[in-house]
Each structure stands twice: as structure tokens, then as C-alpha cells.
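Here's a quick tour of how one model is put together, from its domains to its ligand. Have the viewer open while you read.

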Amino acid sequence: MIGWLRTCNYWPKCATEKVKPLNTKHVDQFKRIIQRLEKVKELAGLDDKAFALLSEPQKVLEVNIPVKMDDGTMKIFKGYRAQFNDARGPFKGGIRFHPAVTYDEVKTLSAWMTFKTAAVNLPLGGSKGGVVVDPKELSDRELEALSRRYAQAIHKLIGPEVDVPAPDVATDPRIMAWMMDEYEKIVGRHQPGVITGKPLSIGGSAARSYSTAQGGAFVLDEAAKKIGLHKGATVAIEGFGNAGSHMALILQKMGYKITAVSDSRGTAVNCMGLDVQGLIEHKEQTGSVRNYVGGEKFVGSHCFEQDTDILIPAALENSITQENAEIIKAKLIVELANGPITPEADEILLQKGKMIVPDILANAGGVMVSYFEQVQNAYGYYWTEHEVLAKLEGGMRKSFEEIWAVKEKYQTDLRTAAYILATERIVQAMRDRGWI
Ligand code: NAD
């Protein structure tokens, strides 16, 4: 028995939905979360019932989505929506369009979101969605049809007070707008708060496009102060996409010196400091930071080995492993990417005395501004960019201090402290609701 099937009543010709049962097979990434919970239990204590509830998602929906292609054929795409825990508030999490999306991936990412929203004290739970597709292979019309049909397929599970999606890998404000429009057609009223990361014209928030990097910069600044790094400290950034390039610009404006950046095709280095705006233009023109004329001839493989004070992994999961952790010279590592450091590499870096600002804190600025977008949508009243940034700065700096206090209390690292605080908050909510 692997679940139950039902037909979407609003869309008779659509494929079947399958609600997966709990207790499905774990993959390695999910084991990391269980290991974190075990550490929380060891240091701070964790009730067995709470542990059990936080070891599985509340619900995962699997859908098969038929789309009429431009050539007249019909193609079926698989999609998911995982809802991990909503004890603290509506589920919250992005939707990714990627060929490697799996049931286990969305489940793991939904758990990550649950701990992230709790770590920075947002009144939200955690979820994640995805469709198995390479969007680059679709025309604009096919992409819109897929986005709308995915929204139809999951519409019973989402809503401003239920579960609020957002952009993730290869999805963007345009796709969020199509999904919101489709949802509003089904429910028959305006509901901008059903989704965040929308264009400004239909209820998006100011500052949302660079909020992840901006939030990361605020906590980096707090962490740098704790270890005596001053403005002017040098920074290497692995990954020069949306998060990494915004981070470079923001940190440069704050007075930090960006001396190395890399992308999937190469690295640009200048020990006197790179001109970030020039680098962004070079990347726009050539597709890579490689061969930037404002940089030095660089022969190494990536920017981990650069002699900088701060390293920011902002590319992929698992980029820092036990094979390359030893070469890292930076004193401070700020995880702008999700899960860039393997548990083995984490141990090596901590033993070497590095400070690591964990992903669930470092990149939470994105979900914090998503939450601000929900609040503005609920009020129908919109804040200026300045107002959003002031609230983001207050929220991120306060979250850092709260997690720092837990680190001091338990004499542990920042990652463990963030998980202890997040878990305590989720458990308190579950207890108050009478779930445990
Ligand atoms: P993106 O696709 O815009 O950028 C990724 C960058 O990484 C690209 O420049 C790519 O060339 C580079 N890259 C890929 N492989 C590399 C390698 N081997 N070495 C060096 N660089 C490499 O993605 P993004 O939106 O910037 O997201 C980056 C990370 O940040 C992801 O882990 C994502 O989950 C996380 N994140 C992003 C946001 C956001 O708002 N964008 C929010 C939360 C978390």
C-alpha cells in the first residue's frame, strides 16, 4: 500500500493525485536533519514524541501534470508539494523546476524550511514544492501552461493561511504571477498572499529580489564583529548568481573588500579588491566571471584556497567536503547557499577554529522578506524599500544575537545553536497545541 489515489474534481481530465504516506525511505540529505535533531536531543533534551513528529513531514502530495506541448503532443510532468510542519503558522517554502527534483528532495527541503523559519522566529512552518522538468527545454507558452496546471494540481493544499509558495531554483516572479492568477481564478477572489516573490505590480514586496543576500550581509556583519574582523576585511564568494552577486555588491558598499569570486566556469581574483559592478557587467556580456580584466591571472581551481578573512559559499550543496576543507584559510564562513558544507567538512572546519554561520540563519533573509510580503498582502498596504530593509536588518541582527546567546549557553557551534533554538520554538508550539 503506497498511498491513495483520487481524481481532481475541479479538473476532470487532469491526472491523479497521490498522497504519499508517512515513513517513506530517507536519503542521505534527510539523515543530516535527523543527525541535527539527535545532537539537539543530546545537548538540550528533546521529547521522544517531538523527535518522532519532527522526523517525518506532515504531508507530501505527488501529482502528475499533463501539458499540451507546442507540437500538439501531450507530456506528463511529475510534481510534489511537501508540508513538513505547521505548528508555528502556515507552511512556507519555494517551488523549484528542475530535472533532478525528487520526493526525497522536496521532503528534505521542507524540513529545512521548518527549522529556518523557526530559527529567525517567523510565525510560519516549512514546506517545499517541485516539478521534474528542465524549464530551458520549454517554450514560454509551455512554461506558463505547466505553471498554471501545477497551481491547479496543488491548489487545495495552498492558501494565504495554509501554505504559501515562493520562487526557488529556476522559478521566478513571472511564474509566481501565473500561479497566483490561476489560484485566484479557482477561488474566485483576489488572494495575493497565496504566493510570494510576485512582481511589484501585483503585490510583491520591495527588496525581495536581493533580500537573501541583504539578510546574509547583516548576519555576516554581526559575526565579523564577534571575531574582531573590521570593515575592509577580505571576502571570497563561491557562486556569482543571484545570491552571490548581490552579496558582493552589498558587502562592497558596506566597506568589505571582495578579492575573489567564482562561478561554474572560472574564478576572478584581485587582492586589491575587485570592481563588483564591472564584474557583473563582464558576466552579463560573457556569461562568466572568467577572464575578467580587472582580475589577476588565476591558476587555482576555485576560490576556497584564497587567503581571505571571509568565505561565502553561494553556489551548490556539498561544495565543501573533507577533500577540500583543509585548504580553507578564511576565519569566517557564511553559508549563503543551502547545505554547502558536508557534516565531515563541518567537523574539520570547527576543529580548526573557524566560525560558520549556518544556512538556516545566513540565507533566511529571503524568507523573512517573503513573510513581510504576506503581511503587506494581508493589510493591502505596502511598505517602502527603506521600511522593508529596516525591518529585515532588525530581524536578522536580532536573530543572530539570539542564536549567539544559545551558542554561549550550551558552549556549542552556531549551527547546533540555531537548531536548538528552532527546535525549542517548534516543540513549544506543538506542546501548546496539544500535539505532544
Ligand atoms: P543561481 O543559479 O543564480 O547561482 C548559482 C551560481 O553558482 C552560478 O553563478 C553558478 O555559475 C555558480 N556555480 C555552480 N557551480 C559552481 C562551482 N562548481 N563553483 C563555483 N560556482 C558554481 O542560484 P542562487 O539563487 O544564487 O542560489 C545559490 C544558492 O543559494 C543555492 O544553494 C540556493 O539554494 C541558495 N539560496 C538562494 C536564495 C535566493 O534568494 N536566490 C535563497 C535561499 C537560498
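How many salt bridges are there between domain 1 and domain 2? Zero is the count. Keep in mind that this is a predicted model, so read what follows in that light.

**The two domains**

Let's set the scene first. The protein chain splits into domain 1, covering 27-201, and domain 2, covering 211-362. Going by C-alpha atoms, their centres sit 28 Å apart. On the domain 1 side, 11 residues are in contact, and they meet 12 residues of domain 2.

Put the two together and about 900 Å² gets buried between them, with 47% of that on carbon and sulfur atoms. Within domain 1, the residues losing the most area to domain 2 are Arg32, Trp112 and Lys116, which together make up 52% of what that side buries.

If salt bridges are absent between the domains, what about polar contacts? Between domain 1 and domain 2 there are five residue pairs in polar contact, counting pairs with both residues at pLDDT 80 or more. As for where the touching side of domain 1 comes from, helix H1 (28-44) and helix H3 (103-119) each supply at least two residues of it. Sorted by class, that side has five nonpolar, two polar and four charged residues.

**Around the ligand**

Now over to the ligand, which has 18 residues surrounding it. The closest are Thr212, Asn242, Ala243, Ser264 and Asn338. A few backbone atoms also come up against oxygen atoms of the ligand, and here are the distances:

| Residue | Atom on the protein side | Distance to a ligand oxygen atom |
|---|---|---|
| Gly241 | backbone N or O | 3.1 Å |
| Asn242 | backbone N or O | 2.9 Å |
| Ala315 | polar backbone atom | 3.4 Å |

Asn242 turns up twice, then: it is listed among the closest residues, and a backbone N or O atom of Asn242 is 2.9 Å from a ligand oxygen atom.

**Salt bridges elsewhere**

How many salt bridges does the count come to overall? It comes to 29. One to look at is Asp140 with Arg174, whose side chains meet at 3.3 Å, N to O. Why does this pair tie together parts that are 34 residues apart in sequence? Asp140 belongs to helix H4 (residues 140-154) while Arg174 belongs to helix H5 (residues 173-187), so the bridge links those two parts of the sequence.

Methods
Residues are numbered from 1 along each chain as its sequence is written. This is a predicted model: local features need pLDDT of at least 70, side-chain atom pairs count only at pLDDT 80 or more; totals for chains, interfaces and linings use all residues. Side-chain values use heavy atoms; hydrogens and water are left out. Domain bounds come from an automatic or database domain assignment. Contact means heavy atoms within 4.5 Å. Buried area is the accessible area (1.4 Å probe) that two parts lose on being put together, summed over both. A salt bridge is a side-chain nitrogen of Lys or Arg within 4 Å of a carboxyl oxygen of Asp or Glu. A polar contact is a pair of N or O atoms within 3.5 Å; within protein, one must be able to donate a hydrogen and the other to accept it, and residues adjacent in sequence count only if both atoms are side-chain atoms. Helices (H or I, at least four residues) and strands (E, at least two) are DSSP runs, numbered from the N terminus. Ala, Val, Leu, Ile, Met, Phe, Trp, Tyr, Cys and Pro count as nonpolar, Asp, Glu, Lys and Arg as charged, and the others, Gly among them, as polar. A residue is near a molecule or strand if one of its heavy atoms lies within 4 Å of it.
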